[in-house]
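Good morning, colleagues. Today I should like to speak about charged side chains and their partners.

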Amino acid sequence: MAASKQAGRRLSAARDAGGGTMFFVVGIRTIRSAIGDGEFHCPACGGDRRFRKGGGRRRLVLFGVALIPLGRAGSGVECAVCCTRHDVAVLETPTARALTLLLREAVRTLVVAVVAAVDDEPQEVDAVRAAAVEAVRAAGMPSYDACALAVDVGAHLPQDTAWALAEIAPHLAVAGREHLVGVAARVALACGAYDPAHRVILYHAGDQLGLGRARVDHVLAGP
């Protein structure tokens, strides 16, 4: 347990006692202790950093001695690199590593949905599946292959895509959301034209990403 800098201003009270003057130096000190650590995105120095999370208790201090507990102090997060303290709400912002994983998952589940909607025409199926594998590899899964895609298609549920898009949407600019729909659109076009089922999937993805119909139409016109 380490004592933080004394919080609050010091007060001096003077009292006459037997003709002399006695000074009482009173203050409030926050005694902090570490309660956890991990990785976060530091808004002060930028980038993914390790953090220390700590809580504390306020105590009344008399002559430098902590005496009476005054309650709990708010917990905070301290960057291990720049030592800047932040409110714990900063932990709600995903790290760059976490964002990469979220984006990769969004691409994977969305193109799997496109593949799952293809009609059983062998030529179309092969072209769309090849495009889907390349899209997932480009998103950060270089070992992804046709076998992995087949497993994903067999286990695919619409809510998987909905969840993945809902997780990434708040962290993407409009251009990033359009790009995500564009990736899936290029996979759908591998068979030569949009299947009606593909349009349903892509428009629904646009809705989940907060894109209007006009923006989705623009993406579909020239992915």
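Glu-134 is partly exposed, with a relative accessible area of 47%. In this predicted model, Glu-134 pairs with Arg-137 in a salt bridge whose closest N and O atoms are 3.3 Å apart. Arg-137 is likewise partly exposed, at 34% relative accessible area. The two residues sit three positions apart in helix α2 (residues 122–138), about one turn of the helix.

A similar arrangement concerns helix α1, where Glu-105 and Arg-108 are three residues apart and therefore separated by about one helical turn. Their salt bridge has its closest N and O atoms at 2.5 Å. Glu-105 counts as partly exposed at 26% relative accessibility, whereas Arg-108, at 17%, counts as buried. Both belong to a network of salt bridges that also includes Asp-152.

Let us turn to a pair that links distant parts of the chain. Arg-97 and Glu-39 meet in a salt bridge at 3.2 Å, N to O. Arg-97 is in helix α1 (residues 96–116) and Glu-39 in strand β2 (residues 20–41), 58 residues apart. Arg-97 is exposed, at 51%; Glu-39 is partly exposed, at 33%. The count of salt bridges comes to six.

Which side chain of opposite charge is nearest to Arg-177? That side chain is Glu-178, 9.4 Å away, and Arg-177 is buried without a salt bridge. Arg-177, in helix α5 (residues 174–188), instead reaches the backbone oxygen of Leu-209 with its side chain, at 3.0 Å. Residues that Arg-177 touches include Ala-169, Leu-172 and Gly-210.

Definitions and conventions
Residues are numbered from 1 along each chain as its sequence is written. This is a predicted model: local features need pLDDT of at least 70, side-chain atom pairs count only at pLDDT 80 or more; totals for chains, interfaces and linings use all residues. Side-chain values use heavy atoms; hydrogens and water are left out. Helices (H or I, at least four residues) and strands (E, at least two) are DSSP runs, numbered from the N terminus. Buried means under 20% relative accessible area, exposed over 50%, partly exposed in between (1.4 Å probe, protein chains only). Lys and Arg count as positive and Asp and Glu as negative; His and the chain ends are not counted. A salt bridge is a side-chain nitrogen of Lys or Arg within 4 Å of a carboxyl oxygen of Asp or Glu. A polar contact is a pair of N or O atoms within 3.5 Å; within protein, one must be able to donate a hydrogen and the other to accept it, and residues adjacent in sequence count only if both atoms are side-chain atoms. Contact means heavy atoms within 4.5 Å. Lists of a residue's contacts leave out its neighbours within four places in sequence.
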